[in-house]
Amino acid sequence: MKRQSRAGQLPGVREHFYRQVIDAQADQPLRVLAYSLVPSPRARPDEDWGTLQAEADQLGYAIAVRLHDVAVPATTTYFPASSASQGVYTPPWDRPGWREAERQLRAGLADGVLVLDRHDISSDDDEYHAVIKHLGEHCRAFLHVVIPEEPVAPT
């Protein structure tokens, strides 16, 4: 039996937690953490910061802090000779910048996280879904992506 993809549900899950944060706000601008995942230690997130700042300005969000991590390939033993193990990166909760983002959210220093696209969090639907739920349920925060998740094409 083939497992059904969560991809089509993801924008709705993000929207649900966004609405919860909005409903709890007292007419104050939303404070967000800008988060970027850069491809190498030599890469700088400056271009991402400009895009994230423009999105925040357009939506009336106040950026509380900017955090980033370097996309480090994770070693895996699940499929060592398979191409499925290629391009697997450290899960967000194992990255120092993301852990700091969660710490600040739990401390109430921001209402959400602003990222360029979902791949800054995870390309895996289940992992991405888990992060969105964790932010909403445990941090009382939302995730905003500048580039929305791609809709699933009908088959």
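Is F142 buried or exposed? Select F142 to begin: at 1% relative accessibility, F142 counts as buried, since the cut-off for that class is under 20% relative accessible area. Please keep in mind throughout the tour that this is a predicted model.

**The rings around F142**

With F142 still displayed, add Y18, and look at the two rings together. A pair of aromatic rings is described by the distance of the centres and the angle of the planes. For Y18 and F142 the centres are 5.2 Å apart and the planes stand at 80 degrees, so the pair is edge-to-face. Colouring the secondary structure helps here, because Y18 belongs to helix α1 (residues 10-24) while F142 belongs to strand β4 (residues 142-147), so the pair ties together parts that are 124 residues apart in sequence. Now add Y61 to the selection, and you have a cluster in which ring pairs link Y18, Y61 and F142.

**A second place to stop**

A search of the whole structure finds 3 aromatic pairs, and another one to visit is that of Y35 and W98. Select these two residues: their rings form an edge-to-face pair, with 5.0 Å from centre to centre and 75 degrees between the planes. This pair, too, links distant parts of the chain, with Y35 in strand β1 (residues 31-38) and W98 in helix α3 (residues 96-106), 63 residues apart. Y35 is buried, with a relative accessible area of 0%, and W98 likewise counts as buried, at 0% relative accessibility.

**The sheet**

Next, hide the side chains and show the strands as a cartoon, where 4 strands form an open sheet with parallel pairing, in the order β2-β1-β3-β4. Look to the edges of the sheet for β2 (62-70) and β4, each of which pairs on one side only. From one strand to the next, the twist averages 25 degrees.

Staying with β1, select strand β3 (residues 112-117) beside it, where the two strands pair in the parallel sense over 3 bridges; within this pairing, A34 stands opposite L114 in β3. Then turn to β2, which runs parallel to β1 and is joined to it by 8 bridges. If you select R31, you will find that its bridge partner in β2 is A62.

To finish, follow the backbone from β1 to β2: the chain crosses through helix α2 (residues 46-59), and this β-α-β crossover is right-handed.

Note on methods. Residues numbered from 1 in each chain as written. Predicted model: local features only at pLDDT ≥ 70, side-chain atom pairs only at ≥ 80, totals over all residues. Heavy atoms only, no water. Phe/Tyr/Trp six-rings, centres within 6.5 Å; stacked < 30°, edge-to-face > 60°. Buried < 20%, exposed > 50% of the residue type's maximum accessible area, 1.4 Å probe, protein only. Pairing = 2+ DSSP bridges. Axes fitted to C-alpha atoms, helices over the stretch in contact; angles between N-to-C directions. Right-handed = clockwise from strand over helix to strand, strands pointing away.
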